[in-house]
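Please open the structure in your viewer, with selection by chain and residue number ready to hand. The stops below say what to select next and what is to be found there.

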There are 2 protein chains.
Amino acid sequence: MKSYRQMNKAELTECKAQLEKAFEEAKAKGLQLDMSRGKPAAMQLDLVMPMMDALTSKSELISESGMDCRNYGGPDGLPEAKALMAAMIDAKPEQVVVCGNSSLNIMYDTVSRSMTHGVCGSTPWCKLEEIKFLCPVPGYDRHFKVTQFFGIQMINIPMSPEGPDMDLVENYVNHDPAVKGIWCVPKYSNPQGYSYSDETVRRFAALTPAAEDFRIYWDNAYCVHHLYNGAENQDHILNILEECEKAGHPDLAFEFCSTSKVSFPGAGVAAVASSERNLEWIKASMHVQTIGHDKINQLRHVRYYKDFDGLMQQMQLHGDMMRSKFEAVEKRLAEALDGLEIGTWTKPRGGYFISFDALPGCAKAIVAKCKEAGVTLTGAGATFPYGLDPQDSNIRIAPSFPTPREMSDATEVFVLCVKLVSVEKLLENA
Amino acid sequence: MKSYRQMNKAELTECKAQLEKAFEEAKAKGLQLDMSRGKPAAMQLDLVMPMMDALTSKSELISESGMDCRNYGGPDGLPEAKALMAAMIDAKPEQVVVCGNSSLNIMYDTVSRSMTHGVCGSTPWCKLEEIKFLCPVPGYDRHFKVTQFFGIQMINIPMSPEGPDMDLVENYVNHDPAVKGIWCVPKYSNPQGYSYSDETVRRFAALTPAAEDFRIYWDNAYCVHHLYNGAENQDHILNILEECEKAGHPDLAFEFCSTSKVSFPGAGVAAVASSERNLEWIKASMHVQTIGHDKINQLRHVRYYKDFDGLMQQMQLHGDMMRSKFEAVEKRLAEALDGLEIGTWTKPRGGYFISFDALPGCAKAIVAKCKEAGVTLTGAGATFPYGLDPQDSNIRIAPSFPTPREMSDATEVFVLCVKLVSVEKLLENA
């Protein structure tokens, strides 16, 4: 196909007319498709339904250590649940505290606790003039919302397929004592699906922060979310807690994970892993905050999956379902856009998203056009702090919720809108 | 029996010798009994086990409004769960947000949010020099731990069978802008089992706080926890939200409740109820904090209890079990202590505790003696802010966890220790 960027004004004008016609036809179909959020599809949740039978009125709800899981007690989580969650992120069970249903909630609470009480004895952030967080971009909108909510200044750090720009990270972290944290999704990142290289992880572990209360927020949300089978087709990242220990900085990172996209979103189990010192700090406030988390649900997960192998067997089935959707999107994108020079996109081997970069200044318009034709995308800008994409270029595509067929239809509308908006943009400058 | 306080030194000395002998015999039994926490007994939890069958792999996990409860969405709670929780506290469903498993967690988060963001747009508490909470005493230790954790100054307010001393409450709240809250357990209070009179509730609703961000923390933890059947044998309190509305102060109270002692502690459902304005404030941060709470567990509760009548039928069975334990304690206390003038205790018609007041200066010693004989009580002082009972007199008895027989044995040890410590105290002054 001829690149749109090589077209002259007449060609672009003709192209625009065709695309407008096609857009009207697409609109007439009255589609109602949602690729806005990383929601699992019903079919994927159906797979997990036998978990509902893992505990019944006939079950013993006594944990391995003899605790009655129906009653109060065990605020750090069941030992067997610690073991399961630890295996997901390759940590040691004693590094893990198992909490409620939401890792986002643990992250929010960690920031909130730092605001009111300071990190491990440091000055509470609410007493300081200025607090900054580094935000690799594009990134996860809900991370940015947490720091924004607490009035923390956010600084964009560009992402590459190797991870965040570590020269920039080192420069900020090692020299600016106002920099207290960085949001990371190290494996199959949201939205690009990039996994941090070994060098990146090691450079993280080797940071020598200007602020003693700087911490890495390592949100390993997609730790077990491979699209392909076989280790050689999957991404692997180094164990951040281990690398931090090796580098002599055991307290540098908080790691978060959950089964939200393993079992049931909202009814899964979430955990935080870190050093003994960091965990003591977390537990000191957690024990004031709650008598304990839902141990019955923790036990339900353990009884159902049995062990990490059991969990991974089910994740392979999830991966099979997700792969067909990702491939449907990628196929459509390639068919429609290869050679046009109006967009690039990532081809992740795992996670929940594809990241699309349109021509600068086009993302908002593309999302609006899609909406007009009945296809809901994540709001343009959402992948940046404050919702501000300086290039107005990045769009997050979430293939998980629709069926492969719907995903294919939605992508058809998407590429049409990309073309139309791009042609309009090129005509502006022609 | 002759009052210990009428005994002369010789009589007391003889009495002490007998008691010491009895104490050594009790110690030799090697008891291991725990009346320290308001933990439901296993038998009570057994009653709830059929809830484990309320949702199975064959179940439709679609809510009445068509929401797939297995997936993300519905951050305020399922409408049918709102209705159930609202009925427990006689509120309207639209006044309720259903959260996770812990009402303590909601209270903590409410205080924490007030610290970092201020109440409904007021100055964040962390920016203020001084924050005070009123604490009716004796009260619930975990309430006091929350305010202590945030460095909030706590002020003791004496309790009577009508509720907190309202003259004092009005004096503080209506004149001191640093007073931002009061901890209340209005029905079957912890630990006395007192229920606030209608006049007390109306005086709460009529408060005209000096601080615009003053709120009543109305922890209706024992709203449905009657020991006796029949409305005439149960305590009833006025609806605080309704009274606040009538008084023209709709935003004055946050009400909290949970099924922790209805279904499973730790695996129940908790809720907060308040005015529209207060709920908007709560939801604004809750939506940053989490994508949503565990809707599957909410649905499980709704499907199991069906409605408020179903829930109350089960609470009647709970009440029957609890009553036998309370009565076992009260019988032993009366048999052993009536007429001795060394202690008084409450006779609640509901809730989880009996409050015992020993001679001043004796509580710590009694608890220590009990421990020596294998009976664990709530630490003396725990029912007061900072763990400081100015009289060293109050002891909380939690009859819920042991069996009636164990409870009877434990109380036998308890009265023995009360006698022994009291005699020692009287001898000091004889």
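**First stop: a tyrosine between the chains**

Select A:Y72 and, leaving aside neighbours within four places in sequence, you will find this residue in contact (heavy atoms within 4.5 Å) with A:I291, A:K295, B:G38, B:K39, B:P40, B:S260, B:K261, B:P265 and B:G266. The model is a predicted one, in which local features need pLDDT of at least 70 and side-chain atom pairs count only at pLDDT 80 or more, while totals for chains, interfaces and linings use all residues. Residues are numbered from 1 along each chain as its sequence is written, chains are lettered from A and ligands numbered from 1 in the order in which they are written, and side-chain values use heavy atoms, with hydrogens and water left out.

A:Y72 sits in the loop between helix 2 (42-48) and helix 3 (79-88) of chain A; helices (H or I, at least four residues) and strands (E, at least two) are DSSP runs, numbered from the N terminus. Its relative accessibility is 14%, so A:Y72 counts as buried (under 20% relative accessible area, with exposed over 50% and partly exposed in between, using a 1.4 Å probe and protein chains only). Add B:K261 to the selection, and a polar contact of 3.0 Å appears between the side chains of A:Y72 and B:K261; such a contact is a pair of N or O atoms within 3.5 Å, where, within protein, one must be able to donate a hydrogen and the other to accept it, and residues adjacent in sequence count only if both atoms are side-chain atoms.

**Second stop: the two chains together**

Now display both chains whole: a turn of 180° with a shift of 0.0 Å along the axis lays chain B on chain A with an RMSD of 0.0 Å, which is the relation of a two-fold axis. The superposition is by least squares on the C-alpha atoms of residues with pLDDT of at least 70 in both copies. Of the interface residues of chain B, 100% are also interface residues in chain A, so the copies meet through the same surface.

**Third stop: the open sheet of chain B**

Colour the strands of chain B, where 8 strands form an open sheet in the order 2-9-8-7-6-3-4-5, with mixed pairing; two strands pair if DSSP finds at least two bridges between them. Its edge strands are strand 2 (96-98) and strand 5 (163-164) of chain B, each pairing on one side only. Strand 8 (residues 253-258) and strand 9 (residues 270-273) of chain B are antiparallel and share 4 bridges, with B:E255 opposite B:A273.

Which residues of strand 7 of chain B are buried on each of the two sides? B:R215, B:Y217 and B:D219 are on one side and B:I216 and B:W218 on the other, all of them buried, and both faces of the strand are thus covered. Strand 6 and strand 7 of chain B pair in the parallel sense over 4 bridges, and B:I182 stands opposite B:I216.

Next show helix 5 (residues 141-149) of chain B, which lies across strand 3, strand 4 (153-160), strand 6 and strand 7 of chain B and runs at about 160° to strand 6; axes are lines fitted to C-alpha atoms, for helices over the stretch in contact, and angles run from 0 to 180 degrees between N-to-C directions. In the loop between strand 3 and helix 5 of chain B, select B:P138, where the peptide bond from B:V137 is cis, with omega near -5°.

**Fourth stop: the nonpolar cores**

A nonpolar core is a set of buried Ala, Val, Leu, Ile, Met, Phe, Trp, Tyr and Cys residues joined through side-chain atoms within 4.5 Å. In the largest one, of 123 residues, A:F204, A:I216, B:F204 and B:I216 touch the most other members, and helix 3 (residues 79-89) of chain B gives the most to this core, with 6 residues. A second, separate core of 73 residues includes A:C99, A:M107, A:M286 and B:W125.

**Last stop: a loop and a strand of chain A**

In the loop between strand 6 (179-184) and helix 7 (198-205) of chain A, select A:P191, whose peptide bond from A:N190 is cis, with omega near 5°. A:Y188 lies in the loop between strand 6 and helix 7 as well; its phi is near 50°, a positive value in a residue other than glycine, and at 0% relative accessibility A:Y188 counts as buried.

Finish at strand 11 (residues 354-358) of chain A, where 4 of the 5 residues are buried, so the strand is largely enclosed by the rest of the structure. A:F356 in this strand stands opposite A:W345 and also opposite A:I395 in strand 13 of chain A.
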